[in-house]
Structures are given as structure tokens and as C-alpha cells.
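Me: I have a model open and would like to learn how to read its features one by one. Can we go through it together?

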Amino acid sequence: MTRPPRFFCRARALLAVCFCGLSSAVLAQSLVRPPLEFLPDVDAEPEAVSSLLRAEQMQLAKMDSYPRGGPDAIAGVGDWWLSNGVLCAAISDVEHDAGIVSGGGSLVDLGYCDRDDDQWSYANFLTGLSKDTAIPVQRIHAEIRDGGAEIVTLGQRDGLRQIVRYRLEEDSQTLNVQVEISRYAEGPALRLSGLFTLYSQRALSPFSYSSYTPEATLGFAQKQIDRHDTASLINGLMPADWNILVGSDAYEAGVSYGVQLESAELITASGTRRSLPTFLAVFPDYSMHGWMTRPLWMQSERLNWLSMLQNRFMDIDKKERLLANFNVVVGKRSDVASVTDQIYRGPELRGYSSHQAVSFSVWDRHERAVTQVRPNADGSFRVRLPDRAQRVRVSAVTPWGQRKARELSVVDSRNDSGRWLFTQNGELSLPRNVAMSLYFFGVNGTADPEFGDDLLAFSEGGIAQRNEDQGNRIDLAGVPSDPERISLPEGHYRVLVGRGIEYDVEEYLLTVVAGQRSELPIRPPQRAWYSEDWRSADLHVHSGASFDSVLPLQERLRSFVAQGAELLVASEHNRIVDGRSAVSAMGLNGVLQLIVGSEFTGMAHTAKAPFTIGHSNAFPLQARPEQYAGGIPKIEGRALRELIADVKRRDPGALFQLNHPRAVAPLDTDLAFFEHLSVGKEYDPALPLNSDNNNSLLKVDPASGARDIDFDLLEVLNGSEFEVYETVRDDWFSLLNQGARRGATGNSDSHGRRQHAAIPRNYIYLPESGGLPISEAALVEALSEGRSFMTTGPFMALTLREGDQRAGIGDTFAGRRAELHVQLRSAPWVELEQMTIWVNGRIYRQLPCRANDHKVIELVVEEDAWVVVEVSGPAGDRYRQLYPGLRPLALSNPIYFDANRDGKWRAPLN
């Protein structure tokens, strides 16, 4: 699955970069907010202006006057609007959590006012270069002065005061950001600070450029930085000032952002200005522009071990100030050149391409990256080069992998790279009015096609990194907006056609000839299993509204329908987005039902949640589009129980699901609640809930009576995370044994097109529910009662029988003895191998199985109990081709035994 970033932690003591293990007592002490009278007084009468400059707090009555638009636009009532009529930006209000820190005052939206192009995520200033020591914003002020509009944020903590000015001047395409840090009282030493810019899962693609040390320009070829290794971290701190973040080209309005740390200075008590050492560290998920607090005693072009040793003795004194100046340049295309054209001052290079979907990269005579550009609709392109450029190499790559390169002199006035003619592809006409997924595999020497390649050649440590939307699959929803044809290189292909786990898969052979259109007699996929009263649902799905996805909602809906699923819970990170109008606009009513939800994504370490609150879903929710992030409740600075109570208060019919409670990688523990329970103690399923280790789950919120354990559902399988499946399953068993009856679910957590939606999925028993839409209240009731099973391919029907008595999944059977009837089904390409009967978390019976089996197992219990069925199988060749990284697995929710027939079920350990 995909995840938000493993934030810049584990930098070792030498770097003093991240203090992820601060105790709750230390956090509580450091988070005490000082009186606001100690903050500088910036409240003054604004200048009278007659321009397009705006700097103000957003008001409900004026919401139509704020041109909010683009997949990542989240500002709402109470946030702070900044505009010069060209660029529009928004800074989150004090209480609006934004990014990896608690609270607001962060840049959350940025784009052109006349284009719905916002793809900016979050940017947080990290004083101390850690989210745990970042200074919280306590006051925000708007003003217009000296020909510019400004939003000013103020905050202080641990004896340090921080003022950040976001400024737009008239007609400018650059946002200026200045941060000033000073000491007003004693406190922990300040050695490093920086700007953290988030673009998780390469929602923006980083291209680094150094205007003062050309050798430090890496372009898209970034270093691989091991955050466990100090030497690797130091080696990754580059003397570069520009990080150009290229937006996705999946949207009609492209955008890119050039973030520059222009300068960092120490201003002494006497007013002397001294330049400070700076660096840029770039990761696939985020970047850090940083600076040291004092100049180095022994200067070096790049930071090294000796630099870091000197840094250990740095601090800022009273009456001194740190001043860092940033520029954020906004480009109107999703390429590097839309930014570098605004900062380079050298000659212009132009050319023409016979194919629009080509990426051109420019390299200097030392093979250092200069820029990258995409042609206009007519195939023409122009790029500005750096001053004094004389010779360059221009390389081009097409979506089908054809490459060309030319070396050029750029000393004359023409600087024409000429016409670039590329091989003509063939085409394949696609089926119409039928939902399906088509998987393409090259044969006889033909390479597998890669649809969705952004052609940026982003790499980490020399290893090419695919983007989240790149793959060999084409999805069709059977609607007019489906693509009518696709372009393919000449060659031979094997095409697999399916529609998710309920359908059989057909295979076709295809030969593509350049310049010709091919057709295949593709039949609609044949259904192998009919769900009847069971409705298929994926309760954890993302699209481009999440900060770690760029997939347009329309494409997410298309991919979901292509996989044959019905109920999609929209789970954007820390946003509530109502996408139901898109379902209607695509003509998918009656085929797909979108349920509005959100994934509450805890990222900050706070006094009430020193190790975050993990990640959780809630649905159905009501979106409030005029509010910040669609009306999301406050996430940070509170315990999980407080969030649960708040969600239930705001949306009384909502379910609360604990997502991926265990971490696959050590650096993911912030995201996995059971790894720390918010208090630094890993949940131990072998211990009682009221043990010293686990009892934080039972702590009661005095205001609401809610507890951390009061979630409704537990995500037992998240995507392809089979490494932790058995651990989470055992966690769930331990809860059931202690009377905490929580429904088990399995969900895709899909973010991009490459990762399938609707696998894993859940089948929820909703008899006589009819066609879509179903009742959301009925869905909530069925999930609450545990009337579901999760699966990646196998299907099951379970019944406990004795005489005339029947009990299915979620029901309670009265008696000590019964026959368990298990009917198994699967599509022909899904192999089943083993069935396990679990009673009270112990294996009762394990036996081989295959599709179409009807197993009957006699069960005898002495006391109240529960029974769960698990079915698994190997991933055969066809299964691996369709769903790499997954394997067949199904897990039921319990059927309960009321052994003494007293009408009350008692947990085994209670």
C-alpha cells in the first residue's frame, strides 16, 4: 500500500534532526503557550489600496470571491487569503491542522487565480528541524503595505519566537516567504531549522537545482538517503537552493512549484549580517530546505562530519535573529521549464515534436540536468537556458519508450533544435459500453506497455521509481467518457480481460502494426459468482484529493467500476470531499455508490498523543465545502477517544474504523496505532485490556465518556500488507476474547491507478436491499453487527445449523453443539488450498479445500464462544499477473455461541 512519508526522523544524535521519542511530560511542558502580550505587536491599520491585492481572513459571506480550485484546494472559512490577482494562496488558521505539526499557520493552497490548478500540499517550518520542536502559531495577521499583500504568523515556544511573512507583490508570479527566529528567554539549544515540504508518494516530483554549486544539481536523479544511517543522511544534504516540484499532468490545468531558499542569515546584536550554511535534502515523499544557526568555524562547500560536529555547539543568543528568505515560483505547466523559464536568464532553445506526449530534457556539457519541458498542443516547445550556456544535450523520450538525443550549440540567435520525428504507433480500438479491465503483456520480444508514465525518469540512488499511476492496465466503466482507443508500439501482445474477483478472465492475442488500427473481438467478462444478498464494498479508497495521490476522482471511479465493486468509501486524508456529483456526471448511478468519508491522519506528536493517533476512517460523513478541508474535525492535539467522540457527535450515524493498526516498516509506526497506542506502548494481545501495558485503551474521556477502544471496525488486512496480517488478526482475536466485538474488514487503501481498488474488499449481508443506492443506515447497521467477510478472491457462505435453528455471520447461535456448513466459491483463476476454523482464537480444525467445496464440521463448545472461518490459497500465475503482491485470502466475521441459551453472550476471557 501507499503511505504518507516516513518523516525526517531517525537522523541519529549527531544530526540532532528528529526527537521522535520525547516523553509526554516533556511535550506537555514544551507545548505550553506563552502569553500573547509577549508577541510583537503587528496590528496596524492596513494601507488603502485600489489594486487587486488581498490579504484577509476568509469569511462565509464572501466565499464566492475566493477562487479556490484544483485537486488540493482545502482552504475555508477562517483561513487566511492572500492574492495579487495573479496568484492566490491560503494559509491555514491557527486551529486548522496542516501537515506534520499540530495547529495552523502553514501554506496550504497555492496556484493561479484564474485556473483550477492547486496541487500544493503542505509546508511546515520546523524550528529545530523536528516536528516535535516546531513552534506553534498563536496569532495570524493580514496587512497590505509597501505595494504588497502579506499574511503574518506569530508564535513562540521554548524561549524562541518565530515570525513568518507570506508576501505577494503586484503582478508577481512568485510568493515570497520570510521566517525570522529570535530568542527571548532561556531554552533548549537551537542548532538547525528548516522548511519541510510534503508531496507524499511523489504527488509532486522533485527536481533539485543549485544556482551556486552546479555540481550539486541532481535534477530528477535524487540520492537514496537511508534515514537509519548518519553517513547516508549527511551525504544527502546538498548545497542546493532550488527544489522544483512538478505537478501531475493528469489534470487539465498543469502546475509546478519552484521552492528556493534564497538566503539564510544570522543578524547579530550589533546588526551585522552573517551568511549561514544551508542545505537541501530531497526524498521521494518530502524535502527539507535547512540552515544552521551559526556560521561554520571551518568552512566547506558541502556539509560533512566536521560540519555536524561544529553544529553540536551552536545556539542563538538573546538579541540575535535568524532570517531566512524563500521564493516560491509558480509555473503554468507540469514540467520543470515552467519554473526555470522564470529564473534562467540565458538563451532560448526551441524545437518541434511530431508527437505531443513527449518529454524533452536538457543537459549541460557536464551532463548536469538543466531543465525539462513538455511540448505544446501543436508540438512546439521553447525553453530558457542558464546564463552563459554554450552547448547542451537535448534528450527526448516517448510514452512507448522511444528515445532520441541531440547535442546542440546555443550561441547563436536561432538555437533551433529542429524537428523531432518519432515512430508512428499503432492503435487499438477499445470495447464500448462494457465495464472491464484490460491487462497488456508484451510477447515475442515486445516490452510490456507502461500507461501513465510521467516520463520524468525520476530515480533514487540510480534506481528508476515508477509513479503511482503507471502500469499495464486500462480500465473501462462502460460509460461514454471511457477512452475509445489507445496507442501501442508495434509488436505482439497478450491481453487479459477481467472485471475483478467475481468474474472469469479471458485471454486474447494482439498484433499491432504501426500506423494501423487494430480491433479485438473482446466479449464482456463472464460472471463466475453472483453475490445476491451480499454487497461488495471497499471502505478505504483515495483519489487526487488526498495529499499523497494525483489520480483524478473520475479515473478512480472508472477503475472501481472496472473491478466490479459497488460501494466506495471516499477516504481522503484529513479532508471530507463529496464526490457523488461525479458519479452522476459519469452516468454511474445504479452501478456505483460513493459514500462520503475521510481518513483521519495523525501526524503530529502532542501532549495528548505523544506518538500520534494513527490513522482511522469514518463514514458516512457530511461534507461542508465552505469549511477548512470540507469540515474536517480537529485531528491533532487530542486523544483518539476525543476524536471518536467528536465524529459521533457531528455525524451520529458514522462508523469509526481503525486503519492499518500495525506497521510493515519500522519508520511507519506513527501511522499504526497498535504499535504505540499513542502513549509509546505496543498493544500486547497476550495481556488483558486492563493491564498496565494496554489499559490506555480503556481510559475514559471525562467530557464524552469515549475510550480509545471505542472504534467500530478494525482493518485486519490493508492492501497487500500480508507481512502483518496474522499479527493484526491475532490482535482482533484478543479483542473478541475480551468482549470487544469489533467488525473485521479488509480494504485496498488504493491511492493511484497502479494499485487496484476493491481488493481486498468486503461483502456485507444486506438482504432485499435492491439496486443502488442502498440505505447508508442499513450499511452501518450490518457492519456494526459484523455481517460481513473480507476477501481477496475466495467467497464463503457460513451457517451454524442444529435442527431448525440457523445462524449466519454476525448472528448468535443458542446451544453448545452445531454443524458448521461452509460453502466455498471462487473464479476459476483463484486457487483455494486451506480452510481454518478458529474458535476463541485457537485452531479448532484445519483442512484442505478447493472451490465449490461444501464442508460440514461439527462444533462443540462448553461455554459461550465465537467461531471464525479463514480460507487461503496460493497465488497462481494468472492471479499474480492480475494482482501482484496479493494472494487469495478470506476471513469471516464471527458467529457467536450462546452455550447456555440464556440470551446473553459472555466473552471467553470475561
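**Strands, cores and rings**

Reply: We can begin with a strand pair: β32 (residues 491–498) and β33 run antiparallel and are joined by seven bridges. Keep in mind that this is a predicted model.

Me: Which residue of β33 stands opposite V497?

Reply: Strands of a sheet pair through backbone hydrogen bonds, either parallel or antiparallel. In this pair, E506 of β33 is the residue opposite V497.

Me: What is the strand order of the open sheet of four strands?

Reply: The order is β30-β27-β32-β33, and the pairing is antiparallel. The edges are taken by β30 (473–477) and β33 (506–512); each has a single partner strand, so one side of each has no neighbour in the sheet. From one strand to the next, the twist averages 25°.

Me: Which helix packs on the sheet, and which strands are touched?

Reply: Helix α6 (residues 553–562) does, and the strands touched are β27 (435–443), β30 and β32. The direction of α6 makes about 85° with that of β30.

Me: How do I read the two faces of a strand? Take β31 and tell me which residues are on the covered face.

Reply: In a regular strand the side chains alternate between the two faces of the sheet. In β31 (residues 485–488), I486 and L488 make up the covered face, while R485 and S487 make up the uncovered one. Strand β31 is joined to β26 (residues 426–429) by four bridges, and the two run antiparallel. Across that pairing, R485 in β31 has S429 opposite.

Me: Next, the interior. How many residues are in the largest nonpolar core?

Reply: In soluble globular proteins, nonpolar side chains tend to be buried together. Here the largest such core has 148 residues, and L800 and M835 have the most contacts inside it. Apart from its neighbours within four places in sequence, M835 is in contact with a list of residues that includes V822, L824, L847, C849, I857, V869 and V871. The contacts of M835 also include the residues R845, Q846, K855 and E870. A second core, separate from that one, has 51 residues, among them L107, I144, L195 and L204.

Me: How many aromatic pairs are there?

Reply: The count comes to 31 aromatic pairs. One of them is W297 with F313, which is tilted, at 6.4 Å centre to centre and 35° between the planes. W297 is in the loop between β17 (286–292) and α4 (305–311), and F313 is in the loop between α4 and β18 (321–331), 16 residues apart.

Me: Are these two rings buried or exposed?

Reply: Anything over 50% relative accessible area counts as exposed. W297 has 58%, so this residue is exposed, and F313 at 61% is exposed as well.

Another tilted pair is W534 with Y765, at 5.1 Å centre to centre and 45° between the planes. W534 is in strand β35 (residues 534–541) and Y765 in strand β43 (residues 761–765), 231 residues apart. W534 is buried, at 16% relative accessible area, whereas Y765 is partly exposed at 32%. Ring pairs also link W534 and Y765 into a cluster with W529, Y763, F789 and F795.

Me: Which charged residues sit over a ring?

Reply: Two cases can be shown. The charged end of R406 is over the ring of W420, 4.1 Å from its centre. That of R494 is over the ring of F441, 5.0 Å from its centre.

Me: Last, the backbone. Where is the cis peptide bond that involves P760?

Reply: The bond runs from I759 to P760, with omega near 0°. P760 is in the loop between β42 (743–747) and β43. Another cis peptide bond joins L772 and P773, with omega about 0°, and P773 is in the loop between β43 and α10 (776–784).

Me: Which residue other than glycine has a positive phi near 55°?

Reply: That is A457, in the loop between β27 and β28 (459–460). A457 is exposed, with 60% relative accessible area. S678 also has a positive phi, near 75°, and is in the loop between β40 (655–658) and β41 (713–718). S678 is buried, at 3% relative accessibility.

Terms used. Residues are numbered from 1 along each chain as its sequence is written. This is a predicted model: local features need pLDDT of at least 70, side-chain atom pairs count only at pLDDT 80 or more; totals for chains, interfaces and linings use all residues. Side-chain values use heavy atoms; hydrogens and water are left out. A nonpolar core is a set of buried Ala, Val, Leu, Ile, Met, Phe, Trp, Tyr and Cys residues joined through side-chain atoms within 4.5 Å. Buried means under 20% relative accessible area, exposed over 50%, partly exposed in between (1.4 Å probe, protein chains only). Contact means heavy atoms within 4.5 Å. Rings of Phe, Tyr and Trp (its six-membered ring) pair if their centres lie within 6.5 Å; planes under 30 degrees apart count as stacked, over 60 as edge-to-face and the rest as tilted. A charge sits over a ring if NZ of Lys or CZ of Arg is within 6 Å of the ring centre and within 35 degrees of the ring normal. Two strands pair if DSSP finds at least two bridges between them. Axes are lines fitted to C-alpha atoms, for helices over the stretch in contact, and angles run from 0 to 180 degrees between N-to-C directions.
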